[in-house]
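Let's take a walk through this model, one piece at a time. Keep the structure open beside you as we go.

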Amino acid sequence: MIEARHLRVLRAVASTGSFSAAARELGCTQPAVSQQMKALESSTGTPLLVRTGREMRLTQAGEALVRHASGILAGLTAAEEEIAAIAGLRAGRVRLVSFPSGSSTLVPTALAALRAAHPGTRVSLVEAEPPRSVEMLRDGDCDVAVAFRYRPAAAEWDDLVVRPLLADRLVGLVPEGHRLADAEAVAIGELAEESWIAGCPRCRRQLVDVCEGAGFTPRIDFATDDYPAVIGLVGAGLGVAVLPELALRSVRPRGARTVVVEPAVEREIVALTLPDLAKVPAVAATLDHLTRAAALT
């Protein structure tokens with residue numbers, strides 16, 4: 001195994017012509033230079049230097065190693081500088097994936113603060129709903145996933161670092177002229193005979209579970225992953241829906257009214273990453289800024 005420190009000593013001996021001059025250049029003792037050269041020759045299995053009078057001359061193997069040493073040491077120096085920049089958040093990259101309502105609310109605030117604090121850190125964003133976003137994290141296609149779940153599942157995220165962000169309550173959405181539009185709170189069973197507009201697959205399953213818990217199965221006439229489309233359909237009088245409060249923060253519900261739905265249902269919003277990635281400074285900073293953004297939401 002050829003070590004970088006041995007290459008630096010060999011290059012100094014080659015450029016100065018002696019162990020003593022190399023020691024002065026490197027700021028160490030002449031015996032230390034001699035010992036490192038012996039260790040290097042032992043690693044390579046061949047002589048690298050020949051003493052000629054008071055000077056040292058490179059063998060053919062020594063010349064070849066010095067020729068390669070410059071490129072190797074330059075590459076190591078560049079790598080050390082780049083790693084130092086990443087560790088000091090002067091550089092780096094974070095690949096973020098988020099579900100749409102998180103992308104329009106939590107993520108912009110967090111990334112603006114991250115960019116202001118660490119302008120050298122680049123962040124990319126793609127959208128995906130869980131469980132796809134969690135699969136992307138485990139497959140190495142992203143570094144941080146902003147995701148949600150309605151109830152903890154056994155061992156669902158046990159292999160991940162879970163940063164809780166906020167609890168997002170579901171609210172009812174009815175047309176403005178609906179009989180319950182002015183109600184302070186609505187039991188979900190009061191909507192049993194309505195036409196329903198459902199959201200993403202995970203939200204759809206949750207809606208069915210809640211309704212069945214209230215004694216009825218919802219008649220889902222429309223299903224869309226696009227929250228503005230859900231709101232538009234409700235506003236047009238085509239049905240009712242339940243949506244996370246976060247989804248309503250960035251969309252004006254024209255023609256629709258929000259109502260409190262009982263029993264209360266919340267989804268847990270979290271940021272996820274892998275244990276090893278959590279130690280990367282840029283990833284840790286991203287998690288911190290997402291936490292701060294959630295506190296302001």
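Before the first stop, one bit of bookkeeping: the expected span of a helix is 1.5 Å times one less than its number of residues. And do keep in mind that what you're looking at is a predicted model.

Start with α4, which runs over residues 60-87. With its 28 residues, α4 covers 40 Å from first C-alpha to last, close to the 40 Å expected. Still, α4 has a kink of about 30°, and the centre of that kink is A69.

A69 turns up again when you ask which residues of α4 are buried: G62, L65, V66, A69, L73 and A85. What do these buried residues pack against? Their partners are α1 (4-16), α3 (30-44) and β2 (55-58). As you scan that set, a bit of helix geometry helps: an α-helix has 3.6 residues a turn, so residues three or four places apart point the same way. Past the end of α4, look at L89, which has a positive phi, near 60°. For comparison, most residues other than glycine have a negative phi.

We just met α3 as a partner of α4, so let's see what else α3 is up to. The axes of α2 (residues 19-26) and α3 come within 8 Å of each other, crossing at roughly 105°. That crossing makes α2 roughly perpendicular to α3. On the α2 side, the contact involves F19, S20, A22 and A23, and these meet Q30, V33, S34 and M37 of α3. Sort the residues of this contact by character and you get 5 nonpolar, 3 polar and no charged.

Now jump along the chain to F216, in the loop between α8 (201-213) and β9 (219-223). Is F216 buried or exposed? Its relative accessible area is 10%, so F216 counts as buried. Leaving aside residues up to four places away in sequence, F216 touches I188, G189, L191, A192, W196 and C211. Take A192 from that group: 24 residues separate A192 from F216 in sequence, yet their C-alpha atoms are 6.2 Å apart.

Last, a look at the backbone. Most peptide bonds are trans, but two spots here deserve a click. P130 and P131 are joined by a cis peptide bond with omega about 10°, and P131 sits in the loop between β4 (122-127) and α7 (132-138). The bond from E262 to P263 is also cis, with omega near 0°. You'll find P263 in the loop that links β11 (256-262) and β12 (266-273).

How values were computed:
Residues numbered from 1 in each chain as written. Predicted model: local features only at pLDDT ≥ 70, side-chain atom pairs only at ≥ 80, totals over all residues. Heavy atoms only, no water. Helix = DSSP H or I, 4+ residues; strand = E, 2+ residues; numbered from the N terminus. Bend = angle between axes of the 7 residues up to and from the residue. Buried < 20%, exposed > 50% of the residue type's maximum accessible area, 1.4 Å probe, protein only. Contact = heavy atoms within 4.5 Å. Axes fitted to C-alpha atoms, helices over the stretch in contact; angles between N-to-C directions. Parallel < 35°, antiparallel > 145°, perpendicular 65-115°, else oblique. Nonpolar A, V, L, I, M, F, W, Y, C, P; charged D, E, K, R; others polar.
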